[in-house]
Amino acid sequence: MIGAADIRKANILIVDDQEGNVRLLERMLRGDGYTSIASTLDPRAVCAMHARHHYDLILLDVEMPGMNGFQVMEDLKAIEKDGYLPVLVITARPEHKLRALQAGAKDFVSKPLDLVEVLTRVHNMLEVRLLHLETRRLYDEVRAAQTVSERLLLNVLPQSVAERLKAEPGLIADSFPDVTVLFADLVGFTRLSERMSPERLVNLLNEVFTLFDGIADHRGLEKIKTIGDAYMAVAGLPAPAPGHATRAAHMALDMIEGLDRLNQRNGEALQVRVGLHSGAVVAGVIGKRKFIYDLWGDAVNTASRMESHGVAARAHLTEATRLRLGKPFLLEKRGAVEIKGKGAMGTWFLSGRTQKLSG
């Protein structure tokens with residue numbers, strides 16, 4: 001709320017080529033309690049002064065030699081990007097009043113100067129100007145908060161899902177008949193955590209997961225979540241993608257290779273165990289205050305089993321995923337593995353690539 005005290009502290013500039021008029025206006029304003037008043041007899045100095053001081057009100061004489069008030073207002077428009085000119089023109093000619101308003105001035109006072117008219121128009125215009133500035137400030141704050149909110153939303157939701165949620169708040173659930181789910185777990189991380197400080201542990205985990213995030217972006221997978229030292233991603237949603245198994249297989253090998261390079265820089269010996277399975281899933285958003293985009297279905301459970309029954313520094317995959325892979329990969333048959341809830345399953349190890357591919 002803008003009060004009288006706020007108005008009296010406003011920053012005011014008086015522009016008139018007649019020193020007597022400047023002194024008269026200063027006495028009027030100071031007598032009414034205004035404390036921040038500047039003045040100039042040179043209209044060519046106005047724009048530079050306003051650019052430095054951002055006046056809340058400019059009392060501007062229209063008829064001045066060298067540069068009239070209308071020309072000053074045209075130059076001021078280059079500074080006031082939102083188009084609001086805080087100008088109260090001073091004129092003795094009636095035809096100049098309408099022209100000044102059309103040029104962007106917000107009000108006018110007539111010569112000879114009348115104390116009551118000047119103080120009333122100055123007060124009213126400053127009230128509107130300060131309200132305008134406060135409204136713009138609040139708008140900027142709302143926009144900044146909205147930007148932060150949207151960025152945070154995109155950190156937990158795929159962009160297309162976030163856009164849907166903003167457009168139509170409510171339940172989001174989709175069925176995807178064919179995707180490839182990837183689970184990864186850092187082997188020996190629990191033992192490592194026992195000898196590390198909390199800060200170093202979190203920094204290391206952040207470095208590893210940042211590496212994995214970059215690989216997911218490069219290979220076109222959607223990161224779903226991390227749980228402790230486990231990482232989950234999926235290829236083929238929220239937009240169906242051809243070659244989703246190939247994308248996931250490349251990511252699995254990239255993760256193993258990338259972690260080796262990270263170990264060389266950090267002097268650690270971390271290893272990752274990766275599991276892959278392809279099939280149908282249901283994906284959706286759960287939660288009201290803290291959104292989570294998650295997956296459900298047999299394909300999710302099976303991919304998790306591939307990881308937990310896998311081997312350190314290797315990618316373990318099902319027959320379903322193997323059948324979707326093309327020639328760029330080297331595969332090693334593992335044979336039947338007893339999987340909880342599934343019984344004996346024929347599985348494979350992803351041993352490498354037959355050629356270097358970027359995608």
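The questions and answers below go through a predicted model, from its open sheet to its loops.

User: What is the strand order of the open sheet of five strands?
Analyst: The pairing in this open sheet is parallel. Its edge strands are strand 2 (36–40) and strand 5 (107–110), each paired on one side only. Neighbouring strands are turned against each other by 20° on average, direction ignored. The order of the five strands is 2-1-3-4-5.

User: Which residue is the bridge partner of Val-89 in strand 5?
Analyst: Strand 4 (residues 87–91) and strand 5 run parallel, joined by four bridges. Strand 5 is one of the edge strands. The partner of Val-89 there is Phe-108.

User: At about what angle does helix 2 run to strand 2?
Analyst: Helix 2 covers residues 19–31. It lies across strand 1 (11–15), strand 2, strand 3 (57–61) and strand 4. Its angle to strand 2 is about 175°.

User: And helix 4: at about what angle does it run to strand 3?
Analyst: Helix 4 spans residues 69–76. Strand 3 and strand 4 are the strands it lies across. To strand 3 it runs at about 150°.

User: How do helix 9 and helix 10 cross, and at roughly what angle?
Analyst: Two packed helices are described by the distance between their axes and the angle between them. Helix 9 (residues 198–219) and helix 10 (residues 244–266) have axes that come within 9 Å. The crossing is right-handed. The angle is roughly 145°.

User: How many nonpolar residues does the contact of helix 9 with helix 10 have?
Analyst: Helix 9 contributes residues including Leu-204, Val-208, Leu-211, Phe-212 and Ile-215, and helix 10 residues including Met-251, Met-255, Leu-259 and Leu-262. Arg-200 and Glu-207 of helix 9 also take part, as do Arg-247 and Asp-254 of helix 10. By class there are six charged and three polar residues. The nonpolar count is 10.

User: Is Thr-180 buried or exposed?
Analyst: Thr-180 sits in strand 6 (residues 172–187). It touches residues including Ala-233, Val-234, Ala-235, Ala-248, Leu-276 and Thr-321. Its relative accessible area is 0%, so Thr-180 is buried.

User: Which side chain makes a polar contact with the side chain of Thr-180 at 2.7 Å, apart from that of His-244?
Analyst: The side chain of His-244 makes one such contact, at 2.7 Å. Ser-278 is also among the residues that Thr-180 touches. The side chain of Thr-180 makes a polar contact at 2.7 Å with that of Ser-278.

User: Is Val-337 buried or exposed?
Analyst: Val-337 belongs to strand 12 (residues 329–339). Beyond its neighbours within four places in sequence, it is in contact with His-309, Gly-343, Ala-344, Met-345 and Thr-347. The cut-off for burial is under 20%. At 12% relative accessibility, Val-337 therefore counts as buried.

User: What distance separates the C-alpha atoms of Val-337 and Gly-310?
Analyst: Along the chain, Val-337 and Gly-310 are 27 residues apart. Their C-alpha atoms are separated by 10.0 Å.

User: Which residue takes a positive phi in the hairpin of strand 12 and strand 13?
Analyst: Strand 12 and strand 13 (residues 343–353) run antiparallel, joined by 10 bridges. One pairing sets Glu-332 against Phe-349 of strand 13. The hairpin has three residues between the strands. Phi is positive, near 80°, at Gly-341.

User: Where is the cis peptide bond that involves Pro-238, and what is its omega?
Analyst: Pro-238 lies in the loop between strand 8 (230–235) and helix 10. The cis bond joins Leu-237 to Pro-238. Its omega is about 5°.

User: Which residue precedes Pro-112 across a cis peptide bond?
Analyst: Pro-112 lies in the loop between strand 5 and helix 6 (115–156). Omega of this cis bond is near 0°. The bond to Pro-112 comes from Lys-111.

User: Is His-54 buried or exposed?
Analyst: His-54 is in the loop between helix 3 (46–53) and strand 3. Its phi is positive, near 50°, although it is not a glycine. Exposed means over 50% relative accessible area. His-54 has 52%, so it is exposed.

User: What is the relative accessibility of Ala-313?
Analyst: Ala-313 lies in the loop between helix 11 (298–308) and strand 11 (315–318). Its phi is also positive, near 65°. Ala-313 counts as partly exposed, at a relative accessibility of 30%.

Key:
Residues numbered from 1 in each chain as written. Predicted model: local features only at pLDDT ≥ 70, side-chain atom pairs only at ≥ 80, totals over all residues. Heavy atoms only, no water. Axes fitted to C-alpha atoms, helices over the stretch in contact; angles between N-to-C directions. Helix = DSSP H or I, 4+ residues; strand = E, 2+ residues; numbered from the N terminus. Left-handed = near helix turned anticlockwise from the far one by under 90°. Contact = heavy atoms within 4.5 Å. Nonpolar A, V, L, I, M, F, W, Y, C, P; charged D, E, K, R; others polar. Pairing = 2+ DSSP bridges. Buried < 20%, exposed > 50% of the residue type's maximum accessible area, 1.4 Å probe, protein only. Polar contact = N/O pair within 3.5 Å; in protein donor to acceptor, adjacent residues only side chain to side chain.
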